Amino acid sequence: MTVTLSAEDVFAATADAETSSLLSTYKRAPMQLVGGEGVELIDSNGKRYLDFASGIAVNSLGYGDPGIAKAINDALGAGLIHTSNLYRTVQGEELAAKLVERSFASKVFFCNSGAEANEGAFKFARRWARKVGTDTKVEIIALRGAFHGRLFASLAATDRPSYRAPFRPLAGGVSICERDLRDLDTALDGETVAALIVEPIQGEGGVRVLDADFLRRLRAMTAEREIALIFDEIQCGLGRTGHFFAYESIGVVPDMLTLAKPIAGGLPMGAILVSEEIGATIQAGDHGTTFGGGPLVAAVASYVVDRLSDPALLKSVRDNGAWLGQQLDALARRSGKVRAIRGTGYIWGLDVVESANDIVKRGWESGLLALTAGEHTLRILPPLVMNRDDLMRGVQILESIVG
Ligand SMILES: *Cc1c(COP(=O)(O)O)cnc(C)c1O
């Protein structure tokens, strides 16, 4: 695929970002992206950027994947982009069946984003908890360092003071607990708590891989007290760890699991996977969405789920990921500017001495897109199809910009 720049692209790129009509909720990078090819993005000046960000863990198949284009074109050919959830569609049912077949779940609810998936999971947890407990069993507990989204209940479960403070009061009945078994033992009161939500790898919170033993203990505690254990695998799921679901490598099975980011190849979609027991308590009218799981987005997600659950792809993420960890470790030892590295598969965090944001900016100049996860943590999330040569190229650019 070749990318040619139209006059409009060039004009748009020269427009001052400050004159943009977009609400300034983001400090955007100055370049304007006009195309993508493989694991690279191209700006309006024709400059190429190696992608260590994947549109924040979304573009797992890189750019210009022919299967995604085919799934979109097939849906357009059938004339069906949207139907609403008042009618059955083959695409939505097939996708749900695939996710059920590949997981612990017996039912799936589709929505349009990660925050929405978590908010829905909170509702389902309360619905179920009122059945196994009393009307006081409503609390949702999240962990220190968590990120679960920016809506009112998901924000209440997100441990970022600067995201929360301007918007108080947040949704009630949601609180943050230390990642400490003794604190959790006290907080997880079976009479009052409906659910515990956990990212097996805390992404935004600094790429913290939670200890498998810790997660096993949480599973035991929540099961014993009839508290729903929700895994938020929006960032770490769907192949990023080299396993289709992160929970598979830990050997801990949750009661609900939320997905979003990569599931529909860049089209907006979220999903809530629900155990048989919780699913059985949800009735018609309990939750809804106009767009969720529509035929176009579901057809694309069906293709993406097949690709991301392919054993050969997952093995390459595990093997290349372990190798990438070794390269990052060597970089850290050589540079003296990296205090620690954490991660697995194609999700890694590097604690840096300098401002992580400054390093990301130097990356733009050097042709690398990377992310931060806190002030002093660089985060890398390459497309899962990136090969070792390109991973190495990215590591070399990283080494030149960490200072
Ligand atoms: C990105 C993210 C979310 C929120 O997803 P949105 O689609 O932006 O609402 C929730 N949880 C985790 C772990 C995420 O990484």
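**Close-up views of the ligand site and a four-stranded sheet**

**View 1. Polar contacts of the ligand.** In this predicted model, an oxygen atom of the ligand is placed 2.8 Å from a polar backbone atom of Ala115. The side chain of Asp232 brings an N or O atom to 2.7 Å from a nitrogen atom of the ligand. For Lys261, a polar side-chain atom is found 2.6 Å from an oxygen atom of the ligand. The ligand taken alone exposes 380 Å², of which the protein buries 82%.

**View 2. The shell of residues around the ligand.** The ligand is surrounded by Ser113, Gly114, Ala115, Asn118, Phe147, His148, Gly149, Glu199, Asp232, Ile234, Gln235 and Lys261. Sorted by class, this shell holds six polar, three charged and three nonpolar residues. Helix α5, spanning residues 114–132, supplies three residues, the largest share of the shell.

**View 3. An open sheet of four strands.** The strands follow the order β1-β2-β3-β15 in an open sheet with mixed pairing. The edges are occupied by β1 (33–37) and β15 (368–369); each has a single partner strand, so one side of each lacks a neighbour in the sheet.

**View 4. Pairing of strands β2 and β3.** Strand β2, residues 40–43, pairs with strand β3, residues 48–51, in the antiparallel sense. Three bridges join the two strands. Opposite Glu40 stands Leu50, a residue of β3.

Terms used: Residues numbered from 1 in each chain as written. Predicted model: local features only at pLDDT ≥ 70, side-chain atom pairs only at ≥ 80, totals over all residues. Heavy atoms only, no water. Near = heavy atom within 4 Å. Polar contact = N/O pair within 3.5 Å; in protein donor to acceptor, adjacent residues only side chain to side chain. Areas by Shrake-Rupley, 256 points an atom, 1.4 Å probe, with all protein chains shown as cover. Nonpolar A, V, L, I, M, F, W, Y, C, P; charged D, E, K, R; others polar. Pairing = 2+ DSSP bridges.
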